Amino acid sequence: MSVLTRDEAQTRAQLLDVHRYLVDLDLTTGAETFESTSTVRFTARAAGDTFVELKPVTLHSATLDGEPLDPAALDGNRLPLSLTEGEHELRVTTTMRYSRTGEGMHRFTDPSDGESYVYTQLFMEDVQRVFAAFDQPDLKAVFEVAVTAPDGWTVLANGITERQPDGTWKAAPTPLLSTYFVCVAAGPWHSIRTEHAGLPFGIHCRRSLAAHLDADADEILAVTRACYDRYHEKFDEPYPFDSYDQAFVPEFNAGAMENPGLVTFRDEFVFRSAVTVTERQTRAMVIAHEMAHMWFGDLVTLRWWDDIWLNESFAEYMGYQTVNEACSDLFPDTWVDFGVTRKAWGYEADQRPSTHPVAPDPEAVPDTASALLNFDGISYAKGASALRQLVAWLGEEDFLAGINIHFKRHRFGNATLADFIDNLAAATDRDVHGWAEQWLRTTGVDTLAPRLDGEGLHWKLTVDRDGTRPHRISAGLYDRDPSGDLVLREHRALDVPQDAPAELTGPRPALVVLNDGDLTYTKLRFDETSEESALRGLSRIPDPLTRAVVWNALRDMVRDGDLAPVEYLAVAGAHLTEETELALVQGVLAFARHQIADHYVSADERPAALATISGIARALLRRTEDGEAPGLRLTAVRAFVDSATTPDKIASWLDEGTVHGGPELDPELRWRILARLAVLGATDEPAIAAELERDPSATGREGAARCRAALPTPEAKAAAWSALFDSDDLSNYLFTATAQGFWQPEQADLVREYVPRFYEAAVALADRRGPAMAEAAGRHAFPAHAVDADSLALGEHHLADTPMIPALHRKLVDQLDDLRRALKVREGSP
């Protein structure tokens with residue numbers, strides 16, 4: 001199959017003006033394939049040769065202006081077309097295959113009730129798996145979609161759908177859309193419909209999740225309405241589509257997809273077990289993120305994939321900012337969670353060999369395969385951080401004025417980075433073009449550190465910068481009061497680089513926190529006094545966002561070899577038990593458990609690391625016995641289970657169905673405990689089968705797959721390996737669950753023989769099953785537990801000498817860099 005190049009897309013865009021697609025899908029022909037007919041009306045501006053893309057099981061027929069084309073001319077995924085100047089109509093009839101990998105038209109049968117569901121995910125180049133199309137973002141067209149579906153199914157699409165007298169479903173014609181935004185979701189959906197601002201709103205899930213969606217419907221719809229109203233306060237352009245549906249769909253690869261009028265979400269966001277407020281906040285942010293795309297991405301779309309940041313950075317920033325503004329009664333500290341979770345993702349991605357600018361040069365994204373690699377922490381978290389810094393530098397009023405100019409100039413069209421920067425520049429006297437060059441065209445993370453000079457009550461604050469970007473920051477100066485609390489003396493606004501040191505009076509502060517408020521994107525270090533104050537008094541800092549900035553600095557110091565992992569754990573043990581901000585507890589525990597315990601300490605040190613984490617969890621459990629902080633208690637239970645080194649306590653919870661003092665065990669906690677017992681060799685296949693009988697849901701199947709792969713026997717490992725790599729029967733989610741169970745640090749000797757087998761197996765899998773499964777294999781099936789020089793050398797050898805598809809290559813580059821970093825941290829070298 002050929003990937004589309006940027007040059008080919010530019011050539012085709014100059015030749016064609018695409019007007020309308022008539023898409024007819026028949027979903028009644030069986031569980032493996034469906035029938036697809038697309039009719040495309042377009043104009044050729046001159047005579048010339050081009051092609052249309054499709055990936056059929058069978059190409060039955062193709063006609064151009066009524067004249068048949070030879071199906072045998074299909075070359076891979078391209079059907080050549082020879083065009084005369086003028087109007088044309090292309091009609092293509094195919095049989096297409098349903099997907100089990102979350103790409104194209106994914107089909108899922110719910111084990112709970114046997115009901116089947118299908119939905120499309122056409123991102124990048126997967127429209128070709130569903131119907132023939134000129135598949136590039138700058139050939140927008142109107143889409144009219146008709147679907148024949150089984151009796152009892154409801155069909156959702158980008159526009160309002162209606163069932164016709166003949167039983168087919170027809171969707172209202174769309175405005176101009178890019179091909180990758182077309183969406184169909186069909187099945188016996190459980191739907192909740194309402195209206196807001198004169199528009200139909202709906203939320204949908206599979207029937208087996210109906211009770212859980214009903215329980216959360218008020219919150220989901222309240223967030224949706226609040227964000228919708230807030231965007232209409234920010235944006236001059238009204239919402240540009242005829243309805244707003246949100247479908248929670250099974251086995252979805254991403255968090256969500258911004259299909260105009262029909263956003264699809266992974267249905268884990270329909271919570272069937274207890275969750276924390278930060279997890280609900282994440283769902284709210286994703287709702288806000290996808291709604292922001294209705295303007296930035298859908299109304300105005302990138303011209304080519306080098307500008308994917310225009311979609312994702314903007315939506316990421318707007319998602320957090322809008323929830324912070326519109327839903328503050330539910331979620332008051334949105335930016336704390338961003339700083340602890342998303343921003344760390346950006347920092348990690350930006351320090352790997354695979355880093356790239358937020359806005360890469362067009363030549364760096366020559367085709368769709370390379371573009372797919374840029375959906376990462378750079379395009380999302382770093383880009384959002386850069387926009388937050390831009391707003392701090394530019395002012396929100398001018399920022400929004402520039403955004404609204406952008407929407408007005410390019411509505412229902414395509415735009416580039418140059419267009420975006422020109423439109424921002426039209427709203428301000430500041431040098432936005434210079435800012436963009438320094439922030440969007442460069443890679444890497446700057447580091448800022450304070451330097452204090454002077455004696456007595458007169459001293460100077462200088463910010464030393466390792467890097468090249470300008471920063472507008474707030475420096476927080478803190479004093480220690482008699483009780484030991486760190487009290488804010490003042491916030492001092494600073495521009496870095498400084499024209500001159502900041503001259504201050506008064507006693508030297510106990511703590512200087514640069515980037516207090518977290519408005520820029522940088523690593524931080526401390527002066528000697530501030531570092532001692534931070535390590536000793538972190539929990540005594542009053543503002544949770546400041547504490548997040550300090551925790552992130554300590555995290556970076558561990559990763560850079562400037563703070564020993566055991567010292568970080570000691571700080572966590574000293575301060576986390578007093579922490580009141582749930583996002584911080586979750587973020588610090590996650591880093592301690594999955595980075596420090598699993599990678600940054602040696603095998604000999606690991607039991608002590610797990611014991612420290614378990615001790616923190618026990619202290620939090622004692623603190624929450626009064627039931628006043630259920631989210632904190634749930635977090636502590638999860639951490640205790642995941643860090644257990646002996647089975648007795650968690651096995652007793654499972655037997656009794658409850659944690660002493662609460663909570664009672666729901667399905668998520670039961671599977672979590674059983675998975676840990678499997679790792680510890682304290683359960684077996686009959687117990688897993690019994691739990692699956694108790695919970696025969698899709699999530700239950702994933703839990704059972706994870707547990708079976710985690711059993712410490714040669715037979716269990718052989719069976720899991722075969723399921724992963726010797727056949728293609730596992731869906732994307734079952735593959736991930738099996739891979740997550742397979743490698744365990746406690747079982748290093750047992751799985752040692754599989755480490756060298758991974759590379760050949762992963763390459764073959766990626767070649768057979770494509771980018772989504774390649775990414776899953778590289779992320780979840782990689783032997784990340786094997787932190788040793790031999791494993792690193794093995795991986796580097798295969799990376800250099802083994803041809804592999806770009807999606808897998810990129811994941812292995814990142815994994816090996818993480819492995820290299822872990823080795824350096826263990827050696828204590830920066």
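Trainee: Where is Pro497 found?

Mentor: In the loop between strand 25 (486-496) and strand 26 (502-505). Keep in mind that we're looking at a predicted model.

Trainee: And what kind of peptide bond joins Val496 and Pro497?

Mentor: A cis one, with omega at about 5°. Gly662 and Pro663 are also joined by a cis peptide bond, again with omega of about 5°. Pro663 sits in the loop between helix 17 (648-656) and helix 18 (667-679). These bonds are worth pointing out because most peptide bonds are trans.

Trainee: What makes the phi of Met124 worth a note?

Mentor: Its sign. Met124 has a positive phi, about 70°, and it is not a glycine. Most residues other than glycine have a negative phi, so that catches the eye. You'll find Met124 in the loop between strand 9 (116-121) and strand 10 (142-148).

Trainee: Does the same loop talk cover burial? Why does Met124 count as buried?

Mentor: Buried means under 20% relative accessible area. Met124 is at 4%, so it counts as buried.

Trainee: What about Asp518: what is its phi?

Mentor: Positive too, about 60°, and Asp518 is not a glycine either. Asp518 belongs to the loop between strand 27 (511-513) and strand 28.

Trainee: Why does Asp518 count as buried?

Mentor: Its relative accessibility is 5%, so it passes the under-20% test. Asp518 turns up again in the lining of the largest cavity.

Trainee: How do you know that the space there is a cavity, and what is its volume?

Mentor: The label goes to a space where a 1.4 Å probe fits but cannot get out. The largest one has a volume of about 60 Å³, and the structure holds three cavities of 30 Å³ or more. Two or more lining residues of the largest cavity come from each of helix 5 (334-350), strand 28 (523-524) and helix 12 (544-559).

Trainee: Which element gives the most to that lining?

Mentor: Helix 12, with four residues. By class, the lining of the largest cavity has four nonpolar, three polar and four charged residues.

Trainee: What makes the second largest pocket a pocket, and what is its volume?

Mentor: A pocket is an open set of points, so the probe isn't shut in as it is in a cavity. The second largest pocket has a volume of about 480 Å³. Its lining has 22 residues, with Ala603, Pro745, Glu746, Ala748 and His785 lying nearest the centre. Helix 15 (606-623) gives the most to this lining, with three residues. The classes are eleven nonpolar, four polar and seven charged.

Trainee: Why is Thr278 called buried?

Mentor: The relative accessible area of Thr278 is 7%, which is under 20%, so the word applies. Thr278 lies in helix 3 (residues 277-293). Leaving aside neighbours within four places in sequence, Thr278 contacts Leu582, Ala583 and Gln586.

Trainee: What covers the buried residues of helix 1?

Mentor: Strand 1 (16-26), strand 2 (33-44), strand 3 (48-53) and strand 6 (78-83) are included in the cover. The buried residues in helix 1 (residues 6-15) are Arg6, Ala9, Arg12, Ala13 and Leu15.

Trainee: How many residues has the largest nonpolar core, and what makes it a core?

Mentor: It has 255 residues. They count as one core because they are buried nonpolar residues joined through side-chain atoms within 4.5 Å. Phe399 and Leu440 have the most contacts inside this core, and helix 14 gives the most to it, with eleven residues. Among the residues Phe399 touches are Phe314, Met318 and Leu424.

Trainee: Why is strand 15 called an edge strand?

Mentor: Strand 15 (190-196) pairs on one side only, as does strand 18 (256-257). They belong to an open sheet of five strands, in the order 15-16-17-19-18, with mixed pairing.

Trainee: In what sense do strand 17 and strand 19 pair?

Mentor: Parallel. Strand 17 (residues 244-249) and strand 19 (residues 262-266) share five bridges. Two bridges are enough to call strands paired, so this pair qualifies. Val249 stands opposite Arg266 in strand 19.

How values were computed. Residues numbered from 1 in each chain as written. Predicted model: local features only at pLDDT ≥ 70, side-chain atom pairs only at ≥ 80, totals over all residues. Heavy atoms only, no water. 1 Å grid on protein atoms, 1.4 Å probe; cavity = no way out; pocket = protein on both sides within 12 Å on 5 of 7 lines; lining within 4 Å. Points joined across faces, edges and corners; volume = space filled by probe spheres on them. Nonpolar A, V, L, I, M, F, W, Y, C, P; charged D, E, K, R; others polar. Buried < 20%, exposed > 50% of the residue type's maximum accessible area, 1.4 Å probe, protein only. Contact = heavy atoms within 4.5 Å.
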